[in-house]
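Here are a few exercises to work through with the model open beside you. Each one comes with a solution.

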Amino acid sequence: MKIADLQVLLKVAELQSITAAANQLDMSSSAASVSIKRIEKALNAQIFVRTTRQIRLTPEGERYLPLCQQALELLQQGQVLIHEEQQSISGEVRMAVSSEMGRNLMRVLLNNIMDKYSEVTLRLQASDSRADFYRDGVDVALRAITKDAVKELNLYGFKICDIPHVLCASPSYIAKHGEPLTPDDLLNHNALLYKLYEVVHDGWELYRDDQKFKIKMNSDRAVNDGDIVRRWCIDGTGIAKKSAIDVAQDLLSGRLQRLMSDYKVPLTEMWLVLPSRQLITPAVRLIRDELKHTINELRDQLIAKGIIDAKEWPESL
């Protein structure tokens, strides 16, 4: 039921005239009559008795009128509250993200937020090294971390989603080197590896039903930047194990193809974490909500194209 319709009903009851109510509300008498009819249809009851000389409330209308007044007041309070919250989305956000998320998904998402809320300013640290909240002057960070680790580190946070990972390669690589179908086949392919703090992640874990496979991959290159791994993969230089979020657009466009979908990579978790509850501002909550919405949209698109199975990737709540 529309707020405007309730306003019309109350004004008509007050003035006992549709025409007078319409004049005060700066609308036509026909539009005011339509508002009353919509309410009566929704209630399946007549609110006013109309004669050529006057309009008055029916017994049903007299019972409904005070409830209508209360409902309108609550709805108007809700509008004011939402407006105040929107107006309060302001201030500086000092945020740390991975280099890949910063260049791609978060760059676009934060641009959109700042276009809509001009009072928000941003200081973004994009690096695959873990930011120190105090040393680096960061208030909020987007991290792959578990709930237990959040508690252990005495942080506050919001879980954004579970992150599935996929094996992928470019069509040109597959055409030249063939498509691996089993874990043993991977030994004959070049892996594009990620390294962090001089640790090269060349041990890939895969699961199929109750079987676990751990493969030490052969590789001619490794880098401490996840986005370069993705770009190497698009270039056709090898096979990569990537977050489905980071390569979603590449998979959807056909720049990359998923490999060995029968074999699953363990899920990780994405959290938005802060060192203090006092740093959870309306702007941070908005970033959280927009990020969940964006990731759910990517998930739905990948599922619709049959690239990811819904069971592999639980929807973020």
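**Exercise 1.** Work out how helix α9 sits on its strands.

Solution. Helix α9 (residues 226–235) lies across β7 and β13, and runs at about 125 degrees to β13. Helices (H or I, at least four residues) and strands (E, at least two) are DSSP runs, numbered from the N terminus. Axes are lines fitted to C-alpha atoms, for helices over the stretch in contact (heavy atoms within 4.5 Å), and angles run from 0 to 180 degrees between N-to-C directions.

A word on the source: this is a predicted model, where local features need pLDDT of at least 70, side-chain atom pairs count only at pLDDT 80 or more, and totals for chains, interfaces and linings use all residues. Residues are numbered from 1 along each chain as its sequence is written, and side-chain values use heavy atoms, with hydrogens and water left out.

**Exercise 2.** Lay out the open sheet of 3 strands.

Solution. Start with the order, β13-β7-β14, with antiparallel pairing; two strands pair if DSSP finds at least two bridges between them. Next, the edges are β13 (240–243) and β14 (257–259), each pairing on one side only. From one strand to the next, the twist averages 55 degrees. Finally, 3 bridges join β7 (residues 165–169) to β14, and leucine 167 stands opposite leucine 259.

**Exercise 3.** Check the span of helix α11.

Solution. Take 1.5 Å times one less than the number of residues. The 23 residues of α11 (282–304) should therefore span 33 Å, and the end C-alpha atoms are 33 Å apart, which agrees. Just after α11, glycine 306 takes a positive phi of about 75 degrees.
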